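Q: Could you take me through one part of this protein up close, and then show me where that part sits in the whole?

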Amino acid sequence: NAERARRFAAERAASELGVDDATYLRESKEILKLGKAVLDDLGIPFWLSSGTCLGWFRQCGIIPYAKDVDFGVFIRDYRDDLIQAMVDRGFTLKHLFGKVSDGFEL
């Protein structure tokens with residue numbers, strides 16, 4: 001996959017990145033570290049999801065224009081204190097959809 005990532009990056013020159021993109025790349029790595037720390041502290045297994053997973057697979061990194069970081073957890077591993085633990089570490093809850101019983105997205 002590393003060779004494919006190098007080809008992908010070569011086709012899309014790093015010079016195409018704007019200042020906002022470079023800032024986002026730096027900040028998103030910190031978000032990943034912090035989110036992982038919170039989930040690890042709670043003992044909740046997780047994975048990179050959606051565009052974050054795509055970027056990690058396709059280009060071995062963050063997609064600079066995605067502007068979000070996606071974590072996935074199984075509902076059986078969800079804990080009621082997860083949201084507060086994330087808020088306590090500086091995260092903001094932007095939306096909450098569904099119910100724990102039938103599909104849930106934070």
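A: Here is a close look at helix α3 and one of its residues, T52, followed by the wider protein. This is a predicted model, in which local features need pLDDT of at least 70, side-chain atom pairs count only at pLDDT 80 or more, and totals for chains, interfaces and linings use all residues. Residues are numbered from 1 along each chain as its sequence is written, and side-chain values use heavy atoms, with hydrogens and water left out.

Let's start with T52, which lies in helix α3, residues 50–59. Helices here are DSSP runs of H or I with at least four residues, strands are runs of E with at least two, and both are numbered from the N terminus. T52 counts as buried because its relative accessibility is 4%; buried means under 20% relative accessible area, with a 1.4 Å probe and protein chains only. Beyond its neighbours within four places in sequence, T52 is in contact (heavy atoms within 4.5 Å) with L32, I62, D68, V69 and D70.

T52 shares its buried status in α3 with G55 and Q59. Seen down the axis of α3, the buried residues fall within an arc of 80°, so they line one face of the helix; the arc is taken from the directions from the helix axis to the C-beta atoms. Just after α3, C60 has a positive phi of about 55°.

Now for the wider setting. The protein has 4 helices and 4 strands, in the order α-α-β-α-β-α-β-β along the sequence. Of its 106 residues, 26% count as buried.

Note on methods:
Buried means under 20% relative accessible area, exposed over 50%, partly exposed in between (1.4 Å probe, protein chains only).
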